[in-house]
Amino acid sequence: ILTAIFYPVQWAWAAFVLLSLITWWLLQPSVQLNDPVVHRDDAPRLFVLLDELSAKLDAPPIDEVRLTDALNAGALESRGFMGVLGNRRSLLLGIPLLHALHEEQVRAVIGHELGHFSKRHGRLGHWIYRVRLAWSAYLYTADHYDDGIDRMRRCVAQLFLPGFIQRSSYWSKQCEYE
């Protein structure tokens with residue numbers, strides 16, 4: 001409103017759009033990792049394998065390896081301050097998955113995850129994954145909400161998430177295939 005008083009209406013709309021985009025960016029979901037970190041001294045064979053595969057795939061260096069309780073593996077690239085400064089690459093390895101596979105299969109899984117880093121899928125792919133995960137939480141929580149904000153988030157999630165999943169599925173499938 002103040003912009004419209006002192007500047008032309010076009011400036012007011014531009015300021016509104018810019019502030020809306022900044023607000024939207026700041027409210028993007030983030031992922032908190034609480035799984036234990038594996039250090040090079042704790043698993044030297046694993047890190048020799050990681051170094052070998054990273055060099056072979058021209059993957060950027062991994063900042064941390066974390067063990068999870070999932071029957072899955074993942075490559076997570078998280079951004080630093082306000083999603084702009086810094087980058088942290090985390091390789092997530094599920095303990096049940098490591099127990100279920102032979103060494104060559106583990107090598108293939110880790111190679112696949114490192115491929116996400118080497119192909120730079122993190123710039124959009126991780127954002128898509130985090131948005132799906134965070135907004136899904138609003139859809140699949142209990143029907144009891146503490147305040148109007150939670151009810152509004154659920155309403156937005158019901159309107160936003162199905163279309164977002166449909167449109168982003170192509171990108172996600174391409175990343176997995178690549």
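This passage walks through the aromatic pairs, salt bridges, nonpolar cores and one unusual backbone angle of the structure. The model is a predicted one, and residues are numbered from 1 along the chain.

Aromatic rings make a handy starting point. A pair of aromatic rings is described by the distance of the centres and the angle of the planes. Two such pairs turn up in the structure. In one of them, W13 and F16, the ring centres are 5.8 Å apart and the planes meet at 90°, so this pair counts as edge-to-face. The cut-off for that label is an angle over 60 degrees. Both residues sit in helix α2, which covers residues 9–26, and because W13 and F16 are three residues apart there, about one helical turn separates them. W13 has a relative accessibility of 56%, so it counts as exposed; the mark to pass for that is 50%.

The other pair is made by F160 and F164, and here the rings are stacked, with 5.1 Å from centre to centre and 25° between the planes. These two belong to helix α7 (residues 148–177), where they are four residues apart, so once again about one helical turn lies between F160 and F164. How much of each ring residue is open to the outside? F160 is partly exposed, at 32% relative accessible area, whereas F164 is buried, at 13%.

Back in helix α2, the W13 and F16 pair is part of a bigger picture. Together with V9, V17 and L21, the residues W13 and F16 make up a nonpolar patch on the surface, and the five share about 550 Å² of accessible area. V9 also belongs to helix α2, and with a relative accessible area of 52% V9 is exposed.

Next come the charged residues. Side chains of opposite charge can pair when their charged atoms come close. Searching the whole structure gives six salt bridges. One of them joins R40 and D51, whose closest N and O atoms are 2.9 Å apart. R40 lies in the loop between β1 (37–38) and α3 (44–57), while D51 lies in helix α3 itself, so the bridge ties together parts that are eleven residues apart in sequence. Both ends are partly exposed: R40 has a relative accessible area of 45%, and D51 has 39%.

Another salt bridge runs between R88 and E64, with 3.4 Å between the closest N and O atoms. This pair links distant parts of the chain, since R88 is in strand β4 (residues 85–94) and E64 is in strand β2 (residues 64–68), 24 residues apart. Is E64 buried or exposed? E64 is buried, with just 8% relative accessible area, while its partner R88 is partly exposed at 39%.

A further bridge stays inside one helix. E104 and R107 pair up with their closest N and O atoms 3.7 Å apart. They are three residues apart in helix α5 (residues 103–118), so about one helical turn separates E104 from R107. E104 is exposed at 56% relative accessibility, and R107 is partly exposed at 22%. There is a little more to this story: salt bridges with shared partners join E52, E104 and R107 into one network.

Now for the inside. The largest nonpolar core has 18 residues, and those with the most contacts inside it are L46, L50, V65, L91, L93, I110 and L114. Helix α3, strands β3 (73–81) and β4, and helix α5 each supply at least two residues of this core. The largest share comes from α3, which gives five residues. V65 shows what the packing looks like from one spot: leaving aside neighbours within four places in sequence, V65 is in contact with P36, V37, V38, L46, F47, L50, L91 and L93. There is also a second, separate core of eight residues, which includes V131, W135, A157 and F164. F164 is a familiar name here, being the buried member of the stacked pair with F160.

One backbone detail rounds things off. Most residues other than glycine have a negative phi, and most peptide bonds are trans. D58 is not a glycine, and yet D58 has a positive phi of about 55°. Where is D58 found? D58 is in the loop between α3 and β2, and D58 is exposed, with a relative accessible area of 62%.

Conventions. Predicted model: local features only at pLDDT ≥ 70, side-chain atom pairs only at ≥ 80, totals over all residues. Heavy atoms only, no water. Phe/Tyr/Trp six-rings, centres within 6.5 Å; stacked < 30°, edge-to-face > 60°. Buried < 20%, exposed > 50% of the residue type's maximum accessible area, 1.4 Å probe, protein only. Patch = residues over 30% accessible without salt bridge, like charges linked within 9 Å, V, L, I, M, F, W, Y side chains within 5 Å. Areas by Shrake-Rupley, 256 points an atom, 1.4 Å probe, with all protein chains shown as cover. Salt bridge = Lys/Arg side-chain N within 4 Å of Asp/Glu carboxyl O. Core = buried A, V, L, I, M, F, W, Y, C linked by side-chain atoms within 4.5 Å. Contact = heavy atoms within 4.5 Å.
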